Amino acid sequence: MFIRLACCRLLRHRKLIYISIFISFLLSFVYVVVLPHGFAILQKPPSKIQDVCQYVIPKDSPTVPTNSRCTFYDCFNIYRCGHKFNGDFKVYVYPMARHVDEDFIPIGGKMSKEYHTILSAIVESQYYTTNPEEACVFVSSIDTLNQNRFRVKETSQALALLPHWNDGQNHLIFNMVPGTAPDYKTVVDLSIGKSMVAGAGFDSWTYRSSFDISIAIYSNLAISLSNNYTFKHRTTFISTVQTNLHNDFITSLKSIEKQKSMTQNITMSMIRVIEPCSHSGHDRTIICHENITYNYADILADSVFCLILPGPRLMDMVFIDSLAAGCIPIVAINHVVLPFFEVIDWKRAVIMWSETELNTLLDVVSGIPLDRRKEMSAQGRWLYQTYLSSLKIITMTTLKILSQRLHPHSSDFYENWNLRPHPVSARNPLFLPYMSDSSGFTAIILSYDRIDSLFTLINMISKAPSLQKIIVVWNNQLKSPPPFSVWPKIDVSLKVVQTTANKLSNRFFPYKEIETEAVLSLDDDILMLTLDEIEFGFQVWKEFPDHIVGFPSRTHIWNNKTNTWKYESEWKNEISMVLTGAAFYHKYWNQAYTYIMPNNIKQWVDEHMNCEDIAMNFLVSNTTNKAPIKVTPKKKFKCPQCTNTEMLSADQGHMATRTSCVNMFATIYGRMPLKTVEYRVDPVLYKDVFPTKLKRYNNVGEL
């Protein structure tokens, strides 16, 4: 028994030794491995992570003051973002951690639900990376959204100790409630060095142009306001629903309200000044007017315009709520920077006014027509839904703007940011009202095996005064292009691109060799054009750069018997298409054809070896809602040197196939975008009997 007890004690003693050794090893591992690399542990979405480690911030930790003069060109290190031009842009989110001071008092408090949502949105996006070495931008897991919730000095120290801080360079700080009483600064009062701030309530003095990003204070009430939208039956012209305004504003507005009540419209109150209710406490959904209690949402939904004035903070949630409710904001805040103003055209949805000229506001705003009011209301709601309706959307818009700063060549056009989608609205994606003579054009010739006509065309087109470059797209995979020594010797650059597959869509690929805005698309059998006709066509295109401008034209007609569209090549006064066998267009359309146009159209074109020109006409007309432009009277474009069997159009089913194209493309687009016009552009005086030296374009052919 004694031996058994001794053995048991020995076993227990051994177990204690083993446990002690294991605990010692575990503590050593945590101290040596985990703590120094604590920030690298967290590589999962924030929604799945708890606090994994705690950091003690010494009281004497250094910080770097905010650089108020930062710009994107001196405080942002673009070399961290790689040298690729494909829009690659990566964001690293620091692992979650608990930061305390030397007295173990939490620095940032518990992370807010809003900031957790922002971090989750980044982690779940295409921008996120788990590797800090490939990151372009860094986002801290320290909650900085509301300055009232953290201690400024200690939070600044915690940020400065982040492993990749580097004086804040390439770091993005999110903040929606800057400053504290009594001064309420318009930017977060942290020492953040060279960090960018995505903040709400900037003014033009604190906003660092092209560096910071102005965002909005998120409002969870706005969603319900947006769902109950209607612009009809609004009984108040202008309301102010802010309950924290200065007494001077309240006095001035009440004076205006009293004056206008004498001549007030029977069906509509001209102005309504809201005040806080004595019994509502901090409930912002309850407001009062002349001792009558109203619901905040009802006032917004019943007002045409919502006047927004500076409160303790420069901007609050009333702006977002007004947009969501369809109440047109009148922002009478001097020097305020509106959310995402660098991409959003707020003039379409908001009236900017001076806070010192309220006495003239009502008279001016009353002159805005009803149609314009409806358009502004609808635009404001669309901007809210598209860019401000959730924290995830606000976050993604912020990152998209940063990405576009790095890759301006792939930026969205003004229309993409600001025009509401509408199936029949005219949209011009180009900013080219006129091209200078020095720009010139690039000729792209699609060729397969007609060497003689190709060389003849190159010799002819190379003499065009505005030609800058010729690109030959060689579509024959069974036969290599001729050796360089036999190609025509010309004075302009000549580039031969050998494709990997015989596809008609190859002529519309956005080749990097295209350096001019204008493209002249040519078939290798178009030998009947003159230099004057080509030069005149280019001059016309410069005045209409969003149109297809060219020579051979076609139209489409409706067949009442079959209730279908028919492709028509007969000579008519009407045109709706200009064939791209000889046509000018902007090089943007190559990008749109390859990457934006419905992919099933391009697949059909490549499989059937037909209709690529019709597809391009559909694309341009559907985007711009405009017709192509035919230049010069010439209608015959048959190759004089080619046998009939060499041309795709010689196929007996060619016309039937093109009719099928028109009907199928119209079905895919959901409408018929082609526009029929009776319009042609000819040179001035080209038919008149004048001396040759007085005419610029003499060699313009007849029909």
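In this predicted model, helices H10 and H11 are roughly perpendicular to each other, because angles of 65 to 115 degrees are placed in that class and their axes cross at roughly 80°. The axes of the two helices come within 7 Å. Helix H10 covers residues 370-388, and helix H11 covers residues 391-406. On the H10 side, the contact is formed by Gln385, Thr386, Tyr387 and Leu388; on the H11 side, the partners are Ile393, Ile394 and Thr397. Sorted by class, this contact holds four nonpolar and three polar residues, with no charged residues.

Helix H11 also packs against helix H3, which spans residues 113-123. Here the angle is about 50° and the axes lie 9 Å apart, so H3 and H11 are described as oblique to each other. The crossing of this pair is right-handed. From H3, the residues in contact are Glu114, Thr117, Ile118, Ala121 and Ile122, and H11 answers with Leu391, Lys392, Thr395, Met396 and Leu399. The contact of H3 with H11 is made up of six nonpolar, two polar and two charged residues.

A further helix pair is found later in the chain, where H16 (residues 599-608) packs with H18 (residues 654-669). Their axes are 10 Å apart and meet at an angle of about 165°. The two helices are therefore roughly antiparallel, as angles over 145 degrees fall in that class. H16 passes H18 in a right-handed crossing. Asn600, Ile601, Trp604 and Val605 are the H16 residues in this contact, and they meet Thr657, Cys661, Met664, Phe665, Ile668 and Tyr669 of H18. Eight of the contact residues are nonpolar and two are polar, while no charged residues take part.

Attention now turns to the enclosed spaces. The model has five cavities of 30 Å³ or more. The largest has a volume of about 70 Å³. It is lined by 14 residues, and those closest to its centre are Gly201, Ile215, Ala216, Met315 and Pro339. The lining of this largest cavity divides into 11 nonpolar residues, two polar residues and one charged residue.

The second largest cavity has a volume of about 60 Å³. Its lining includes Met176, Pro178, Tyr184, Lys185, Thr186 and Ala200. Gly201, Ile217, Arg313, Leu314 and Met315 are also part of this lining. By class, the residues around the second largest cavity are seven nonpolar, two polar and two charged. Gly201 and Met315 are listed for this cavity and are also among the residues closest to the centre of the largest one.

Two details of the backbone deserve a look as well. Most residues other than glycine have a negative phi, and most peptide bonds are trans. Against that background, the bond joining Ala181 and Pro182 is a cis peptide bond, with omega of about 5°. Pro182 sits in the loop between strand S5 (171-175) and strand S6 (196-199). The other detail concerns Asn170, which is not a glycine and yet has a positive phi of about 65°. Asn170 belongs to the loop between helix H4 (152-160) and S5. Strand S5 thus borders both of these loops, with Asn170 in the one shared with H4 and Pro182 in the one shared with S6.

Key. Residues numbered from 1 in each chain as written. Predicted model: local features only at pLDDT ≥ 70, side-chain atom pairs only at ≥ 80, totals over all residues. Heavy atoms only, no water. Axes fitted to C-alpha atoms, helices over the stretch in contact; angles between N-to-C directions. Helix = DSSP H or I, 4+ residues; strand = E, 2+ residues; numbered from the N terminus. Parallel < 35°, antiparallel > 145°, perpendicular 65-115°, else oblique. Left-handed = near helix turned anticlockwise from the far one by under 90°. Contact = heavy atoms within 4.5 Å. Nonpolar A, V, L, I, M, F, W, Y, C, P; charged D, E, K, R; others polar. 1 Å grid on protein atoms, 1.4 Å probe; cavity = no way out; pocket = protein on both sides within 12 Å on 5 of 7 lines; lining within 4 Å. Points joined across faces, edges and corners; volume = space filled by probe spheres on them.
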